[in-house]
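Open the model in your viewer and keep the sequence panel beside it. This tour goes from one selection to the next and says what to look for at each stop.

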Amino acid sequence: MLLLAIESSCDETAAAVLENGTNLLSSVVDSQIQVHRPYGGVVPELASRRHIETIFPVVNEAMKQARIRLDQLDAIAVTQGPGLVGSLLIGMSFAKALAYVENLPCLGVDHLAGHLLSIFLGEKHPCFPYIALAASGGHSSIYLVNDPVSYKLLGQTRDDAAGEAFDKVAKLLGLGYPGGPIIAKIADKGSPEIISFPRAWLEPDSLDFSFSGVKTAVVNYVNQAKRKKEELHIPDICASFQEAIADVLVEKTLAAARTCSVSQIVLAGGVAANQRLRDLMSSRGRKENFSVFLPPIEYCTDNAAMIAVAGYHLFKNRKQLTSTIDMDVYSRSRMI
Ligand code: KG4
Ligand code: ZN
């Protein structure tokens with residue numbers, strides 16, 4: 001079974017070809033970081049325009065690398081949402097047109113489902129059920145993944161997503177965009193124990209997150225130091241901030257696994273590329289005898305390979321098989 005997947009929910013245009021649900025034949029990602037960097041964040045209108053320019057070459061390249069002709073495909077999967085509507089529409093329109101011309105089923109995939117299943121692009125696979133932490137620029141949620149097409153939301157952020165907090169703090173410190181990888185790199189030169197930024201644990205049994213407080217705490221710390229004319233040691237601020245975020249993400253994910261009596265934990269989403277989070281999750285998980293699964297870094301941030309995996313399972317489960325010309329995109333996930 002050969003499936004072409006297309007992803008264009010935010011600032012990456014991506015396409016991938018997957019064979020029989022596991023054999024990835026190609027995965028092409030065009031990142032728009034250079035386009036948005038001067039503005040310190042994603043500019044939706046610029047993102048849409050860039051998707052229009054790159055969608056054809058990206059899909060073409062994915063097909064070329066996979067050595068596949070269009071008439072060999074069995075289905076097309078495309079990110080239906082959540083994301084920027086203008087961006088999603090480019091991928092969706094392209095996928096629908098291709099599916100129509102080639103008379104193929106076109107499957108609408110939830111971007112979050114893609115993240116939750118990205119672990120199957122790695123070498124070590126979990127069994128079902130597993131607990132997954134999906135931490136990205138738009139979401140920070142914990143799911144119980146019962147099988148490839150059924151997910152139960154256990155907790156989510158009440159304000160900023162973890163990646164969003166990284167991006168905002170980097171902007172505040174004048175470090176550039178996107179904030180996550182920049183903060184992670186600078187944090188390597190700092191100590192996480194110098195500044196004790198607050199952790200929002202919320203109610204005792206809550207699996208929800210809140211990251212706006214730690215962001216404000218960094219603002220206050222910086223302003224206070226400036227007022228007192230104290231020198232700022234940016235690596236310590238980055239390391240301490242990163243530690244506060246990783247600590248809460250790990251503890252809540254472990255709490256979810258304990259509550260559900262599930263022994264396997266999976267990380268997903270752009271923030272799962274964070275090495276400190278990966279190390280902390282692995283070491284604390286191991287102490288409690290959980291098996292921790294980490295996707296390869298390139299499949300943590302947005303890509304079409306994960307959309308292909310999720311699309312393959314929709315196809316297999318016959319949950320949604322018709323290529324509907326009126327299928328629409330959505331900005332908010334249906335999984336929350
Ligand atoms: O999953 P993703 O590519 O896009 C969304 O679905 O949002 O995640 C992007 C987010 C950004 O906020 C980015 O700063 C963050 O993931 N990110 C990281 C790292 N790499 C990317 N955050 C922390 N550490 C990283 N190494
Ligand atoms: Zn994403």
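Domain bounds, as used here, come from an automatic or database domain assignment. The model you are looking at is predicted.

**Stop 1: the two domains**

Select residues 2-116 together with 301-316 and give them one colour; this is domain 1. Then select 124-294, which is domain 2, and give that another colour. How far apart do the C-alpha centres of the two domains lie? The distance between the centres of domain 1 and domain 2 is 27 Å. Now look at where the domains meet: 16 residues of domain 1 are in contact with 15 residues of domain 2.

**Stop 2: ligand 1**

Select ligand 1 next. Domain 1 and domain 2 both give residues to the shell around ligand 1, so the ligand lies between them. Show the 17 residues around ligand 1; those that come nearest are G137, D167, G180, N274 and D302.

Zoom in on three of these. At G137, a polar backbone atom is 2.8 Å from an oxygen atom of the ligand. At G180, the partner is again an oxygen atom of ligand 1, and a backbone N or O atom lies 3.0 Å from it. N274 uses a polar side-chain atom, which lies 3.0 Å from a nitrogen atom of ligand 1.

Switch on the surface. On its own, ligand 1 has 550 Å² of accessible area, and the protein covers 87% of it. Which elements give two or more residues to the shell around the ligand? They are α4 (111-117), α5 (162-172) and α6 (179-187). The largest share comes from α5, with 3 residues. Colour the shell by residue type and you should find 5 nonpolar, 10 polar and 2 charged residues.

**Stop 3: E7**

Go to E7, which lies in strand β1 (residues 2-7). Is E7 buried or exposed? E7 counts as buried because its relative accessibility is 0%, and the cut-off for buried is under 20%. Show the side chains around it. The side chain of E7 makes a polar contact of 2.6 Å with the side chain of S9, and another of 2.6 Å with the side chain of T79. Leaving out residues up to four places away in sequence, E7 touches E12, T13, A14, T79, H111, D302, N303, A304 and I307. One of these, D302, is also among the residues that come nearest to ligand 1.

**Stop 4: Q264**

Move to Q264, in strand β9 (residues 264-268). Between the C-alpha atoms of E7 and Q264 there are 28 Å in space, and the two residues are 257 residues apart in sequence. Q264 is buried, with a relative accessible area of 11%. A polar atom of the Q264 side chain lies 2.9 Å from the backbone oxygen of C127. Apart from neighbours within four places in sequence, Q264 is in contact with P126, C127, P129, Y130, I131, S291 and F293.

**Stop 5: K215**

Finish at K215, in helix α7 (residues 212-227). Which residues does K215 touch, not counting those up to four places away in sequence? The residues are D160, K168 and V169. Draw a distance from the C-alpha atom of K215 to that of V169: the two residues are 46 residues apart along the chain, and these atoms are separated by 6.3 Å.

Definitions and conventions
Residues numbered from 1 in each chain as written. Chains lettered and ligands numbered in written order. Predicted model: local features only at pLDDT ≥ 70, side-chain atom pairs only at ≥ 80, totals over all residues. Heavy atoms only, no water. Near = heavy atom within 4 Å. Polar contact = N/O pair within 3.5 Å; in protein donor to acceptor, adjacent residues only side chain to side chain. Areas by Shrake-Rupley, 256 points an atom, 1.4 Å probe, with all protein chains shown as cover. Helix = DSSP H or I, 4+ residues; strand = E, 2+ residues; numbered from the N terminus. Nonpolar A, V, L, I, M, F, W, Y, C, P; charged D, E, K, R; others polar. Buried < 20%, exposed > 50% of the residue type's maximum accessible area, 1.4 Å probe, protein only. Contact = heavy atoms within 4.5 Å.
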